[in-house]
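Trainee: I should like to go through this model and ask, for each term applied to it, what justifies the term.
Mentor: Please do; let us set each value against its rule.

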Amino acid sequence: MNRGFRSAFRYQVTDLLKNATIFFAVMVAIVAALIIGALSIRSSGNIEIHSSFNGLGLASAICQFVFGISVSRSNLRLCTQLGVSRRSAFFSLLLSGLAVSVILAVAGEALIGSLQLISFAHGRLTLSDLYQMIYAGASSEALSFTQHLNSVLMITCLLLCCFSFGVFFTLLFWRLNKALRIVVAIAIPLAINGVPVLLYRLGINLKPLFIWLSSSVYHLDLFFLLLTLVFIAIEWLLLRHTNIKAPAFA
Amino acid sequence: MPSITEFSVNFKINPATALKGINLLVDAGLLYKKRGLGMFVSTGAREKLLLQRRESFYHDYVEKLVQEASHLGLTPDELTKMLKRGFEDVN
Amino acid sequence: MSIEIKDLTKVYGDTVALDHVFLTFGGDQIYGLLGNNGAGKTTLLSIIADRQSATEGTVSVDGEPVRNNDSALSRVFMVGEQNLFPDSMKVRKGFDTAQLFYPGFDRAYAEAAAQKFGLNTKKKITSLSTGYASIFRLILGLSVNTPYVIFDEPVLGLDAQHRDMFYRMLMERYGAHPATVVLSTHLIAEVAGLIGHTVIIRAGRIIKDAPTETLTAEAYSVSGPAGKVDEYLVGKNVLSVSTLGGLKTASVQGQPEGGLPDGLELSPLNLQDYFISLMEEEDNQ
């Protein structure tokens, strides 16, 4: 790891962490509000008031996707101005995305895991997250330490995948000329709607895939990692010969 | 003497050009280098320069003056009168 | 220790932006890269800084090819015409970041230069005027202390006073910290004295690559009555001619042997006039 790569990584990870911290603080505030709400509302009579929160993982995933879109170009441009090669700029971008994915996954797990212990005692608020919902049978029990580790791993893979997906989107649009951009922009909603129909018509059944994915969290991890690698490969092909210029309307 | 850099900053010229100029003066014996201390003006440099300039005065100024005066149709007498007037005005 | 450009070619569809360019920049000299708009100056410099890729040919810094090479690229700093800093970044943070990436960055010098130019370091880089955006970038170029610094149209938008300040600061800095400098500009008259070596590019090809002194010694200007000038020009390599009433002025390649016939005036060609004459000659071919 040479000096240029290290500087690029330091800059990008610091910048990304700043934004991730803001996101996480907002999440903490939301969860805190929920807890306070759940604990202070008294149930009257036989009506049990129950609330649940299990969206932290999903929210983090969307957040990383947005980060991927928003920081890629400006980071690559900055690195170019400051004498870092395209390759180092690109890989330090991905590495910073990975670092923040790990940190968000661990922080999220710590937050939900510790609050779970409190909330289960009260029974009026259920806190859980993706891993628990998919693989631990959404039970009302707290997770074991191993399960926590698996959850962190799963969320990390998910977040990394979403980050690279964001990078993929932004690099794709960077490279494409105006005409192709419009084509892609139309093709996306078409694909979202059309692909399932197409698969049905072609008789391709994705059920075995879903069964395989839900049978073990490691399968899901592998799936996200493979997807990430595919994105990275395409991103590098796109980036290799791009002319790095300032934005058109600065 | 100011340093090469000072010359290049003041006249906005490449230091190599400034250096060439300085070296020409050194070769002409008007400046000398003292190692570690810089460039200094040689004794008698002023006198040398005056002599040189006097010799080229004819070519640089007088020839051109006479040419221009001829263009304007001035006689040698008229020109001499103007030169005398010039000396009076300056002093 | 030099930047070697070998057989560099860049083709966009039908356009040949660079046509088998061979150049060397080194020896801690100040190079001027002169050419008209669209001649290929920025393309050439962008490829050296690995902002664009070449179609053919190689660029090496101190023997190492630049493509994807951090160690080679860290030795070249390019002050370009565009801002590549993020939207929300302030000038001060820009200096901080430059310091992070370039260990040799002279922060004190940068701050002093900013003050001299009247650059407000608390402002966002993208909110600076064209002139001040250029000033920010050229301050980076002066502070960064890399062995090679490239200035591509560094004085865009700068008023006369600031341009003057830049040239002086460049000379001062260059005197104290020699480096190989490449200065690409339209303002030939302003930089003629600064550049020790001149490279002239036209339609992607290098047409002159020589010490500045050699080029200006290579040509001269003759003027006088049209008839006499025409007589004199017979058999000479004429670069350009202009006529005003009965008076003709011509730029001639070479040096006058012997004196000039009576009635004709001889004057040296400064670099800008030489460049213009050269372009005219090329246009006529």
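Trainee: How many residue pairs are in polar contact between domain 1 of chain C and domain 2 of chain C, and what makes a pair count?
Mentor: The model is predicted, and the count between these two domains is three residue pairs, both residues at pLDDT 80 or more. A pair counts because an N or O atom of one residue lies within 3.5 Å of an N or O atom of the other, with one able to donate a hydrogen and the other to accept it.

Trainee: Which elements of domain 1 of chain C take part on that side?
Mentor: Helix 7 (188-191), strand 9 (197-202), strand 10 (205-211) and helix 8 (212-217) of chain C each give two or more residues. Strand 9 of chain C provides the largest share, three residues. By class, this side of domain 1 has seven nonpolar, five polar and two charged residues.

Trainee: Why is the pair Lys208(C) and Glu218(C) called a salt bridge?
Mentor: Their side chains meet at 3.6 Å, N to O. The rule asks for a side-chain nitrogen of Lys or Arg within 4 Å of a carboxyl oxygen of Asp or Glu, so the pair qualifies. Across the interface of the two domains, the rule finds three salt bridges.

Trainee: Where do the domain bounds lie, and how far apart are the centres?
Mentor: Domain 1 of chain C covers 2-214 and domain 2 covers 218-283. Their centres, taken over C-alpha atoms, are separated by 35 Å. The contact takes 14 residues from domain 1 and 10 residues from domain 2.

Trainee: What is the area buried between these domains, and which residues of domain 1 lose the most?
Mentor: About 1100 Å² is buried between them, with carbon and sulfur atoms giving 66%. In domain 1 of chain C, Ile188(C), Arg202(C) and Lys208(C) lose the most area to domain 2, together 43% of what that side buries. Lys208(C) thus appears both in this group and in the salt bridge with Glu218(C).

Trainee: Let us turn to the chains. Which pair of chains shares the most contacts?
Mentor: Of the two pairs of chains in contact, chains A and C share the most. In that pair, 25 residues of chain C are in contact with 30 residues of chain A. The area buried there is about 2500 Å², of which carbon and sulfur atoms give 54%. Asp70(C), Leu84(C) and Phe101(C) lose the most area on the chain C side, together 29% of what that side buries.

Trainee: How many salt bridges and polar contacts lie between chain C and chain A?
Mentor: The salt bridge count is zero, whereas 16 residue pairs are in polar contact, both residues at pLDDT 80 or more. Helix 2 (70-73), strand 6 (76-79) and helix 3 (91-101) of chain C each supply at least two residues of the side that touches chain A. The largest share, five residues, comes from helix 3 of chain C. By class, that side has 12 nonpolar, eight polar and five charged residues.

Trainee: How do you know whether chain A and chain B are in contact or apart?
Mentor: Contact means heavy atoms within 4.5 Å. No contact joins chain A and chain B, whose closest C-alpha atoms lie 27 Å apart.

Trainee: What joins chain B to chain C?
Mentor: Here 10 residues of chain B are in contact with 13 residues of chain C. The two chains bury about 920 Å² between them, 55% of it on carbon and sulfur atoms. Val9(B), Lys12(B) and Asn14(B) lose the most area in chain B, together 58% of what that side buries. The count between the chains is two salt bridges.

Trainee: What makes Asp164(C) and Lys12(B) a salt bridge?
Mentor: Their side chains meet at 2.3 Å, N to O. The limit is 4 Å, so the pair satisfies the rule. Six residue pairs are in polar contact across the interface, both residues at pLDDT 80 or more. Helix 1 (4-11) and helix 2 (15-27) of chain B each give two or more residues to the side that touches chain C, and helix 1 supplies the largest share, four residues.

Trainee: Why is chain B described as more spread out than a compact globule?
Mentor: Chain B has four helices and two strands, in the order α-α-β-β-α-α from the N terminus. Its radius of gyration is 19 Å, well over the 12 Å that the globule rule gives for 91 residues, so chain B is more spread out than a compact globule.

Terms used. Residues are numbered from 1 along each chain as its sequence is written. Chains are lettered from A and ligands numbered from 1 in the order in which they are written. This is a predicted model: local features need pLDDT of at least 70, side-chain atom pairs count only at pLDDT 80 or more; totals for chains, interfaces and linings use all residues. Side-chain values use heavy atoms; hydrogens and water are left out. Buried area is the accessible area (1.4 Å probe) that two parts lose on being put together, summed over both. A polar contact is a pair of N or O atoms within 3.5 Å; within protein, one must be able to donate a hydrogen and the other to accept it, and residues adjacent in sequence count only if both atoms are side-chain atoms. Ala, Val, Leu, Ile, Met, Phe, Trp, Tyr, Cys and Pro count as nonpolar, Asp, Glu, Lys and Arg as charged, and the others, Gly among them, as polar. Domain bounds come from an automatic or database domain assignment. The radius of gyration is taken over C-alpha atoms; the globule rule is 2.2 Å times the number of residues to the power 0.38.
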